[in-house]
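This report covers selected features of one protein model. The sequence and structure come first, followed by notes on packing and on metal binding.

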Amino acid sequence: MFDGVKIWPLLLGAKTVTLVWENGRRILARILIVDDDEIFRGAVEMSVGSLGHEVTTAANGRIALDALQRLKFDVVISDIRMPEMDGVELLKQIRSQGQLPVILMTGFSEIIETQAAHSLGANEFIPKPFSTEDLSTAINRCLVFNTRSVDESEDFCKLALNDFVTGRTIKFNIFVRLTGNKHIKLAHKGEDISMERIRFYREKGLRFLYLRREDFRQYVGFSAQLNQAARAKGIINTEKKLGLLRHTGEILNEQIRHDGVDEEAFESAQAFVGATVDILTDNPRALDVLDALRNHADYMMVHSVGVSLYSLMIAQRMGWNLPTNRLKVAMGALFHDVGLKEVSRSILDRPRYAWSREEVKVYETHPSRGIAILNDIDCIPEDVREVVKQHHENCLSHGYPAGIRKSNIHPMAKLISVADEFCYRIIKGPEFKDLTPVEALQDLKVNLAEQLDKKFLEALTLLFRPATPVSLSKAT
Ligand SMILES: [Fe+2]
Ligand SMILES: [Fe+2]
């Protein structure tokens, strides 16, 4: 049976006629199929013909335009890349004369053309490979509803182009974002990709692609059953969640100094932190805890998001690219100071050097307070708890709470300590009045080079090369 079979060059099956009915009326249309690949064109022709439609074919946009002058059509289905006149130019010509529905057959390699085609008014996009059913749905939408195939839900996570394309095969459906909150599916799970094409997009300025939130959870290995149950029961306070996401977005875009940093690494980390906060706050307890942190002191939320951002950039520099590890780094950094929400503002709002011995003691309880808070949240990985517990341990073994040896400190805790001290300096707070990144690196080099793990400090420094070269060699 041909219906439902994926259409791909050389894949032809026995013809089965499938008729389309709408309100008891059979819909037949005159359809122009435009594709330069003869075999593929033949497969689409057979498939559309099997739906009962009348089909005419053309080998490129120029021939299609000639056909459109002479004959009347109800829908055009066109490939994008063709010699003489491509699908985007054909669409432009069609739109200059009217609103004839146009369906474009797209591929992962045609992201930029697809975005252009959407702005020019293409009605539907069908990612290759597709089935007769996909074709039928797209044709019917054009004929019956005259709508455009965009998804306007908010159910997507943004990721940097490089971030999830780690192999040759796409593991999830991929979407591209259009204006507003509209997305088009651009590639199916399982499709092969070319790294050259990815590089080409980067050169053209394309930075982000989108995954459905559920796919993002799977991608980062985030256990989500309980979160889903909470959402289904409506436990999540949507207003609180949206407020927190909006605030996180503002922090990521406006409040973290990054002058001179590797822009690509920064953008990638920005998107990942945003997506992490998004899925994390589907857990009602995690949402409450982050919201309480933000309400306790605004600069603490800025600090936590900043540490998450810089920790991810350091991790990327170190080659820690496994999505599950990136999620743990982002989460560990977001929660590292969560215990501070139980420490009085009368201590936190003053610089450390002004604290009494008693106040220092209270402050130093925040790692263990943090662990107690996280014990109440069911989706926190063990590595994240270790980060919270150990982020003030140091390489000289005189950190707190336990003064453990360097070799016994969790690597993620050592990494996050570097981002923590750095962000403490670049974000305006009670002690530092927003140093520049270069000044902050110099300060770490002079005052904390022995306490912090040198390889993570070096990775942080390298994020600012070559624009602002800062060498650690003198101090190390
Ligand atoms: Fe801390
Ligand atoms: Fe901190």
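## Core packing and the iron site

Leaving out residues up to four places away in sequence, Phe335 touches Leu280, Ala286, Val289, Leu290, Leu374, Ile377, Ile380 and Val388. The model is a predicted one.

Phe335 also belongs to the largest nonpolar core, which has 112 residues; Phe216, Tyr310, Phe335, Phe422 and Leu460 have the most contacts inside it. Helix H13 (residues 298-317) gives the most to this core, with 10 residues. Another core, of 17 residues, lies apart from it and includes Val75, Ile103, Met105 and Ala138.

The metal site comes next. The iron ion (ligand 2) has His303 (NE2), His336 (NE2), Asp337 (OD) and Asp420 (OD) as protein donors, at 2.1 to 2.3 Å. Along the chain, these donors are spaced as H-x32-H-D-x82-D. The angles among the 4 donor atoms run from 76 to 176°, and the site is irregular. Four donors count as tetrahedral only if all angles lie between 85 and 135 degrees, so this range does not fit that class.

Asp337 coordinates both the iron ion (ligand 2) and the iron ion (ligand 1), which are 3.7 Å apart. Asp337 and Asp420 link distant parts of the chain, being 83 residues apart. The table sets these two residues side by side.

| Residue | Location | Relative accessible area |
|---|---|---|
| Asp337 | loop between helix H14 (323-335) and helix H15 (345-348) | 5%, buried |
| Asp420 | helix H19 (residues 411-426) | 5%, buried |

Technical notes: Residues numbered from 1 in each chain as written. Chains lettered and ligands numbered in written order. Predicted model: local features only at pLDDT ≥ 70, side-chain atom pairs only at ≥ 80, totals over all residues. Heavy atoms only, no water. Donors = N, O, S within 2.8 Å, 3.2 Å for Na, K, Ca; no water. Tetrahedral: all angles 85-135°; square planar, octahedral: opposite > 155°, others 65-115°. Helix = DSSP H or I, 4+ residues; strand = E, 2+ residues; numbered from the N terminus. Buried < 20%, exposed > 50% of the residue type's maximum accessible area, 1.4 Å probe, protein only. Core = buried A, V, L, I, M, F, W, Y, C linked by side-chain atoms within 4.5 Å. Contact = heavy atoms within 4.5 Å.
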